[in-house]
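User: I would like to go through the labels attached to this structure and hear the reasoning behind each one.

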Amino acid sequence: MSSDAASLHALEVLMNEFFDSSTDNNRKREIEQVLQNFSQQSGAWHHCVYFMNNCSNQYVLMYAVSVFENLINKQWIGTQAGDKAEVRHFLNDYLLSYHKKLPSYIRNKLIKVIVDIGRVDWPHFYPNFFSSIIELLQQPSTVALGLLMLQTTSEELASPREDLSIARKTEVHRLLLNEVPGILSLLTHLLDRVLEKHRRLATTVTPPPSPTHGISPARSSSPTVSGSSSLSIFTSAPSADLSLQHAGSSNLMGRLLNNSPMKSRQNLGHPLPPLDSESEEISSLVLKCLAHLFSWIPLSSTITPSLVSTVFYLAEFGCSVVPSSSGSSVVSNAELGVSAMTCINELLSKNCVPVEFEEFLLKLFQQTFQLLQRITKDTGAQAVENLLTEQDESYLNKFTEFLRLFVSIHLRRFENSSHFPVLELLMLLFKYTFKQPQLEGFFACLDIWTVFLDYLIGKVANARSDKLAEAEATVSRYKEVLLMLITELLKKIQFRHNRKQLEELDDETLDDDSETEWQAFQRNCLEIVAKLAELLPGETFSLLFPLFSEYCDVYIGLGEFVTKTAHGLQLGISGENECHQLHCSLRDLTTMERALGRLSEHFIGEVNFANRFSDGEAIVERLGQIALFGTQSQLFAVHTAMPNILQPDLIEVHAQGLAAFQAYCHWMAQYYLETHRQQQHQEKFVTLVSNAIDSLVPLMNKEVPQRVSLPASHLLNSLATTVRPSFMTALDKVQKLFHDVSSGSLSDLPLEVQTLVIRSLSNSLVLPWPNKADNEQEWEVRSQSHQTLMHSIKQPFKSIVETPGFSGNKQLQENAKPLLHFTLHVLADLMSAATEDQVTKTKLILYQSISDVVQITINIFPVYIHYPDTTDEILGFLLALFENLKVQLGPAVTEQIVQPLLHTFTRQQLSEILHHESTAGSRVINKFLKILQLLVQEPAASFKAFLPNIIGLCMEQLYPILAEQPCPDIKCEFYELLHQLLLHNWRYFFRASLLAYMSMAEETVENQAQFNSVMQAFGQSFLQPDITVFKQNIEALENLNSKCKLYQKRIFKDSMLLQFVNVFLQALVFRSHDLLQEEITITLYNMAAVDFDSFYSVFLPQFLGGCEGLTDSQKTELGNNFTPDKDLPSFTQSIHRFVGDLRYYRLCNSSLPSGTVKF
């Protein structure tokens, strides 16, 4: 390009072409390359000075500024001092001259470029950087520009990027802190000017109302707390302010009261007139600056009461609703209120509060709660029934965040303060919660209640015996508010009281948590009810149970309206109103069922069971009653006048009732134990269980919806597994179920239901009966019955695979797959479910019943090795076998299983499985690795014989395949296998005796090649990007060091330690696994602690010697700055400084122009 004018013309043409919609991507890439090449040229910025002075094209200006940004961030260190001064002068002059004409995105980028210069050069080479910002703030014409500069300076210098050394970062932070008092003073002055102007306007427009204006006189619509003081403390009346001053208090509160803008606001009930546009802009920019400043400066005297009170005054604009020209209501300066609340929340988020600041915070809370009182007050006007619906959503979010911060961080500070009315705060929070216009806001408020309730629950749970009365008194103090909360929540989730909102909730679409909107709403409310029940169990039950009983009566009353017709059962309720009323009652019954199920934990345990026995009995009897009624009347199958509405309701009532019944099985188990001590309960218990069985077994039918049969099968399983009544298998309905399973009548049911039914029957035979001696368990009879049951399940599978010629008959093998999958799935489930109690007799019965299948599975495994879905089922069965019946198997059978596995899984076979198109291949390898994990953990000598083959298979066959594949799930299992192998077989590698250790004899390593290959695999994993594997393996190394002193082993110290330390340091330098900085640093410390002297004198010089991109002097400085500390905090600090400075030096060196001489 011959001249700057020609260059400018060519650049403008290129930029316009680039942003033209007709330009294709290939041409755009060509233009990008041209522009990049130009920006990399030495002295390109000289041309940009001309471009910016002689062009108004936005694209050209943006590109020119980006060239300056590249110069400062990548080439500044190598730039001549004279050129630096010229750049600083030009950019500042240009910004000052054109800041009002430039588009905001170009202006803001230009500001950032100037701040980037200050970040590097201020104050040594750019002494007037900060003073120029102060000058801008002091001139009315440039105050907005100054505020933008100040905010950008805070953002870029308070937490600078890594292009600064640690020393420079510390220096910049110190310099900024020195400027803070002056900055805050200036910002306070700017806000005072705005508010003084507005205060005159407000006084002119709004005459002072009466002191009680805006406060509902009777507060009849809001619940009250007896014995609490009035809400007057939330008004700004002088008496309320003066009440905070007491003998011995500092003059901080006095200064606050004298300087507070709120002193002139005698009433918060009247809306503020809006700010003019200029005042709003200045105030908004000041608040944004303050918000960022508050995020990093410490709470101290520099944050004056006057400033924060002014911020609070501006927060009031966020809830100041005024009529609009269209006749509706709008918030006058909503964004201003949001910014002000952001500032307040930044202050509140600081957990560490100086003692002298607590009084100040107390006043701040009181002022903010005045706003809360205002936006939740009952207006009495029908036009605006709920002021919260008129508020800006962002403002409400900030207000909710304020409440969350107060309750979670600061409530315990002021809970017992005589000057802070916590009860009134909770009353306002209560109103604020239930006036929320949006569901998300309501949930956020429930989260606040969760924090508060957890605080109370923890206070009671952790109270020592001598403090228990005090803790209970705290709960009693809040009792009335808590009861109001329960009552209102129960209304909120009932269609009877809240039909309009609840019908708007989606009950079909599932979210990421597999919940519908209605289910999420119900769960959030019931979780709060459950926490309230921990504090007030009796009161909660007394509110819930009458509602539940009332809705049960409606449900059972439907029996009168059910008639049999030629087309099936018919519900004789057809009126639209009656159907809708029934719909609401049924939905409310499901809610009450779910609520009572959630509260089941409050009725179990030695104390709760005895104290609340009658309540628990009433609930269980009622649940049993509606379960039996639902089954006998078959309401889930009736035809209704509104089938799309009432049919799902009836099904859901039955399903939720069964689920709630299941939740009380632990109560029934305790009840069963009680019958052995008190004979009078026996008959009632037998009736209860018999009725339960009568309500369940008929539901094991293909005609019954799965939504009902599935919870029924879960309840049946809980009765057999948790309650374990000894008479259960003798009941007629259970005998029928045994017959149905044996005859295959249940084969049409869903697999999950079939599995649960078979598990229930198996557990009823193999699990020990409670409160019976071993000689009363009837093991022989039960064992025979179990073998009979298992025979009926296994026989179809056995008969087909034992057919002569099966191993060579492909069609027969294909036909056998469904039976094989079902049988092995069921048997694996039985083993996993029945052995939790670790009862030897149970395990023995199970093994005797399935031992023949074990042998068959071993034989057919090679036949199905090329079918990952079937191999997956076989390995799932074997995995369950090893997890639960390893002892019963014995070494001989174990070897029969393991040897074929090890020989079958060759490298070629593993590769084929891994590359299978379905996910079954990955599941197969995962289960195979889990089986090997179980084997290597066994201490018995017979299992040690497998180690050489297991290690050989892992390192020679599997590892080479995994190293090339991005398969994190399999890698996690693989490395866990290596971890367990080393942890449980340490003496396989290190057999040194205590005598040899005491005599300081040379440490010998057996199977050294295998040990080296395992450790090399660990080392390679730290070079991969997968953070999950990295974290798992760094924890594995630390565990091996903790348990086996890995880092102190000579072979590790001499040939591996430096390699691992090098890899970890490189990970920190290149930030490849930044989320694991703390874990990596601790591991480095533990490795260095093996021999600190060697680490500092040998390794660090070696590491620095191999670092590219550093000069010798920089390497020397890095080594000298790494202080040879031997405690973890100091070592951590040195590592962070070392890594940060190393990155900085490399960045500096890469920005130097070519040919620069480096010393």
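**Labels and their grounds**

Analyst: In this predicted model, 53% of the 1159 residues of the protein count as buried. The protein has 52 helices and four strands. Among contacts between residues at least 6 apart in sequence, 74% join residues at least 24 apart.

User: Why are α48 and α49 called roughly antiparallel?

Analyst: The axes of α48 (residues 1057–1070) and α49 (residues 1077–1088) come within 10 Å and cross at roughly 155°. Angles over 145 degrees count as roughly antiparallel, and α48 and α49 are therefore given that label. The crossing of α48 past α49 is left-handed.

User: Which residues make the contact between α48 and α49, and how do they divide by class?

Analyst: On the α48 side they are L1057, F1060, V1061, F1064, L1065, A1067 and L1068. On the α49 side they are Q1077, I1080, T1081, T1083, L1084 and M1087. Ten of the contact residues are nonpolar, three are polar and none is charged. As background, an α-helix has 3.6 residues a turn, so residues three or four places apart point the same way.

User: What makes α26 oblique to α28?

Analyst: The axes of α26 (residues 613–633) and α28 (residues 665–677) come within 11 Å and cross at roughly 120°. Roughly perpendicular covers 65 to 115 degrees and roughly antiparallel begins over 145. The angle of roughly 120° fits neither range, so α26 is oblique to α28. This crossing, too, is left-handed. F613, G616, E617 and V620 of α26 meet W667, M668 and Y671 of α28. By class, that contact has five nonpolar residues, one polar and one charged.

User: How do you know that the length of α39 agrees with its number of residues?

Analyst: α39 (residues 920–936) has 17 residues, which at 1.5 Å a residue should span 24 Å. The end C-alpha atoms of α39 are 25 Å apart, so the two values agree. The helix is also mostly covered, with 13 of its 17 residues buried.

User: Why does Q634 count as partly exposed, and what is notable about its phi?

Analyst: Buried means under 20% relative accessible area and exposed means over 50%. Q634 has 39% relative accessibility, so it counts as partly exposed. This residue lies in the loop between α26 and α27 (643–663). Its phi is positive, about 50°, although Q634 is not a glycine. Most residues other than glycine have a negative phi.

User: Where does K1045 lie, and why is it called partly exposed?

Analyst: K1045 lies in the loop between α46 (1027–1044) and α47 (1050–1055). Its relative accessibility is 42%, so K1045 counts as partly exposed. K1045 has a positive phi of about 55° and is not a glycine.

User: What label does H791 get, and why?

Analyst: H791 has 44% relative accessibility and therefore counts as partly exposed. It lies in helix α33 (residues 779–801). The C-alpha atoms of H791 and S742 are separated by 8.5 Å, and the two residues are 49 apart along the chain.

User: What makes the peptide bond from W122 to P123 cis?

Analyst: Omega for the bond from W122 to P123 is near 0°, and the bond is cis. P123 lies in the loop between α6 (104–121) and α7 (129–138). Most peptide bonds are trans.

Technical notes:
Residues numbered from 1 in each chain as written. Predicted model: local features only at pLDDT ≥ 70, side-chain atom pairs only at ≥ 80, totals over all residues. Heavy atoms only, no water. Axes fitted to C-alpha atoms, helices over the stretch in contact; angles between N-to-C directions. Helix = DSSP H or I, 4+ residues; strand = E, 2+ residues; numbered from the N terminus. Parallel < 35°, antiparallel > 145°, perpendicular 65-115°, else oblique. Left-handed = near helix turned anticlockwise from the far one by under 90°. Contact = heavy atoms within 4.5 Å. Nonpolar A, V, L, I, M, F, W, Y, C, P; charged D, E, K, R; others polar. Expected span 1.5 Å × (residues − 1). Buried < 20%, exposed > 50% of the residue type's maximum accessible area, 1.4 Å probe, protein only.
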